[in-house]
Amino acid sequence: MFPTNHKTIFVLDHTPYFGISSDYPIDFDVSKSRGPGYVPLPPICKSLWTCSVEAAVEYCRVVWDLFPEGKLVRFIVSDAAAHILNTWAVAQQNLTHILNGLCLVGPVRRGAGGDVVGLCAAIESLAEPSPTQSSRPPTESHFQNRGRIICITSARDDDSIRSLAEIAMNTLVQQNKKASAIQPPTTTDASTSTQSLVVHYCHLVIINVTPEKAETRVNNQPLTEMGGGLMGVEVIVCRASSLANLLGKLVLPHYRLAVTTVTGIPMKEEQNASSSANYDVDIIHSAEAHAGLRASQTAAEANESVVLRWWTPRGAEGGAGGCNGPLWRVTPADVASRPSACLVNFLLNGRSVTLEVPTRKAGCRSASHVLAAQGGELWIGALGGRTPYDDPPALSEGAGGRVTDYRIKEFGALMQQNKVHPLRGTGANARARTKLQRHTTYWPLTISSTLIFNLGSVMEPLTRLVVQESLTEDEVDSCRGVLLSLLGMESRHEFPTAQLPSNLRGKSSGRREEQWRQVWGELEALIRAHSASPAHRALLRTLLECRSHNHSAEGESSRATVIRATTDSPLSPVGAGNGNSNDVWAPRNALDALLGAPRPPRRPDFAGRMAAGSRPATLYSHLQQDVEAQN
């Protein structure tokens, strides 16, 4: 129930040895304007105590930035006595309280003492229940009191380290005996919450710190279990100058964190405000944010930071609300650097940044995360699938980037005409469904598949009025006038080619008879689709009379061969039919597309690719084995 990182205790060695220099010089004089007679200041070196305090405080900063609740850290300074700087209370879990306690402890003084007394006090602190543990009864089946102790000390050799681990182990066993001997409380009074708990597991990390130029006889030791799995001991040897980097790396596996390097951040130079340069900033967050990126990586690659490129698309809205997935807190790895401060201020001002995976293909972008501030805290969110900042593909862009001839504006008008609103009464859904079916029974999808919808004013107002549910006498007369006008044009062997779009004039260079046959066929299909009222049926009868006026049996028989040769071609429109005048010319419409048969399943994938998974598939993997077998 409670993981090992629920309670962490730092034991800092405050013996006189930690007052010596780290032997790592730092240039204190950063002034560049040195006049005559200027005496440069010599470099300074931090003490081992200063390096230990700075590294431990930075470890806590990362933990408390990312986990405001649930992750507790205590500090114990060990010299002649154990100085406990804070408790498990939430009010004392902050850097201000810790730094004030360190100031009261003061610098390293001469005297006796060591880290044993602090280590024993740390084990006793692990037995104290945290506020969360106090609210749960220890008798629960899944109750586990686990914790971690990070002891920063300096020993002579491996025997001293082993002796220190044995003392900690014996103290832990004795503490568990005391806790087991105490009977559990029978009341729920708050005064009984200070009882000792049994420590089920303790992860002891001993960091042996040495000056830069000193030699040590202590070796690194991997995690070793003691007491039948009651304690795990890990020994790490580190120079004082590298202690901060070491704890910065240890905090990642201790709390399941990951590092993201945001590269390509544009920042203006301090010396020249008109110029800018690109910087990199490391940020720390939960490892779950990289779940999608880690899927195809090895274990060695997963330990390294993930590099994501800075990308701010046009029209990006600020704030983390653009990310629909989970969010994780973010803290900079180096909070004191100027690029980190600029990035934090940029995000706190209400701006957001999209991070993309660097790709080698030119012009190819793959946005993976969004970085933003919300509630005064920094957050990172993973973008799944298409990002909210990517421009959606235009309907006029077909496969391969080719511009198609879809009737986009007309399709928008069709959607406006068939908006579904909540209606009361019986049969409301049936009426809406009937209207949609009537409007989509004949509705050409592309411009090149229709003539009547491209003739413009010639077909007005017939194409606009016929889609209505009912027609008045005046509207029927207007539609009849359009049909008679078309009949007159056909009698004069004319065709309104000038009304067609420029891209269709060259395609409509066929015989006028075929063009008129397509026009009458489309009109019949359109009016039949909407012939639900008596007025529509009367208009349909007028259309059939006009269509048969110039298409007698003799005329049809004289050109039957030509028509059959044209309509039987595989390239002819669907439903062109043969020479029969009763056929209705109708291309594939919206209803056919909606009710059409589903696509057949794609063929099985290549067996080698399926076996390889996310890795590249190897072709002819057994070829080399066969050659070796023959030799």
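**Close-up views of the predicted model**

**View 1. Helix 1 and helix 6 are roughly parallel to each other.** Angles under 35 degrees count as roughly parallel, over 145 as roughly antiparallel, 65 to 115 as roughly perpendicular and the rest as oblique. The structure is a predicted model, where local features need pLDDT of at least 70 and side-chain atom pairs pLDDT 80 or more, while totals for chains, interfaces and linings use all residues. Residues are numbered from 1 along each chain as its sequence is written, and side-chain values use heavy atoms, without hydrogens or water. Helix 1 spans residues 48-66 and helix 6 spans residues 243-255. Helices (H or I, at least four residues) and strands (E, at least two) are DSSP runs, numbered from the N terminus. The two axes come within 9 Å and cross at roughly 30°. Axes are fitted to C-alpha atoms, for helices over the stretch in contact, with angles from 0 to 180 degrees between N-to-C directions. The crossing of helix 1 with helix 6 is right-handed, meaning that the near helix is turned clockwise from the far one by less than a right angle; anticlockwise would be left-handed. Helix 1 brings Cys51, Ser52, Ala55, Ala56, Tyr59, Val62 and Val63 to the contact. Helix 6 meets them with Leu243, Ala244, Leu247, Leu250, Val251, His254 and Tyr255. Contact means heavy atoms within 4.5 Å. By class, the residues of this contact are 12 nonpolar, two polar and no charged. Ala, Val, Leu, Ile, Met, Phe, Trp, Tyr, Cys and Pro count as nonpolar, Asp, Glu, Lys and Arg as charged, the others, including Gly, as polar.

**View 2. Helix 3 crosses helix 5 in the right-handed sense.** Helix 3 covers residues 116-127, and helix 5 covers residues 158-181. Their axes come within 10 Å and cross at roughly 35°. From helix 3, the contact takes in Val116, Leu119, Cys120, Ile123, Glu124 and Ala127. Helix 5 supplies Leu164, Ile167, Ala168, Thr171, Leu172 and Gln175. The contact has nine nonpolar, two polar and one charged residues.

**View 3. Seven strands form an open sheet with mixed pairing.** The strand order is 5-4-1-6-7-9-8. The edges are strand 5 (82-84) and strand 8 (221-226), each pairing on one side only. Neighbouring strands of this sheet are turned by 20° against each other on average, direction ignored. Strand 8 pairs with strand 9 (residues 231-239) in the antiparallel sense, over four bridges. Pairing takes at least two bridges found by DSSP. Met226 has Met231 of strand 9 as its bridge partner.

**View 4. Strand 15 is mostly covered and pairs with strand 14 and strand 16.** Strand 15 spans residues 367-374, and seven of its eight residues are buried. Buried means under 20% relative accessible area, exposed over 50%, partly exposed in between (1.4 Å probe, protein chains only). Strand 14 (residues 353-356) pairs antiparallel with strand 15 over four bridges. Glu356 faces Ala367 of strand 15. Strand 16 (residues 377-382) also runs antiparallel to strand 15, joined by six bridges. Here Leu371 is the bridge partner of Ile380 in strand 16. Strand 15 and strand 16 make a hairpin with two residues between them. Gly375 sits in the turn, with a positive phi of about 65°.

**View 5. Glu469 is exposed in a loop.** The loop runs between helix 11 (462-465) and helix 12 (473-491). The relative accessible area of Glu469 is 57%. Beyond its neighbours within four places in sequence, Glu469 is in contact with Lys435, Arg438, Ser533 and His536. Glu469 and Arg438 are 31 residues apart along the chain. Their C-alpha atoms are separated by 9.4 Å.

**View 6. A cis peptide bond leads from Glu460 to Pro461.** Omega of this bond is near 0°. Pro461 belongs to the loop between helix 10 (428-440) and helix 11.

**View 7. Arg256 and His493 have positive phi values without being glycine.** Phi is about 55° at Arg256. Arg256 is placed in the loop between helix 6 and strand 10 (257-268). Its relative accessibility is 58%, so Arg256 counts as exposed. At His493, phi is near 55°. His493 is in the loop between helix 12 and helix 13 (502-505). With 57% relative accessibility, His493 also counts as exposed.
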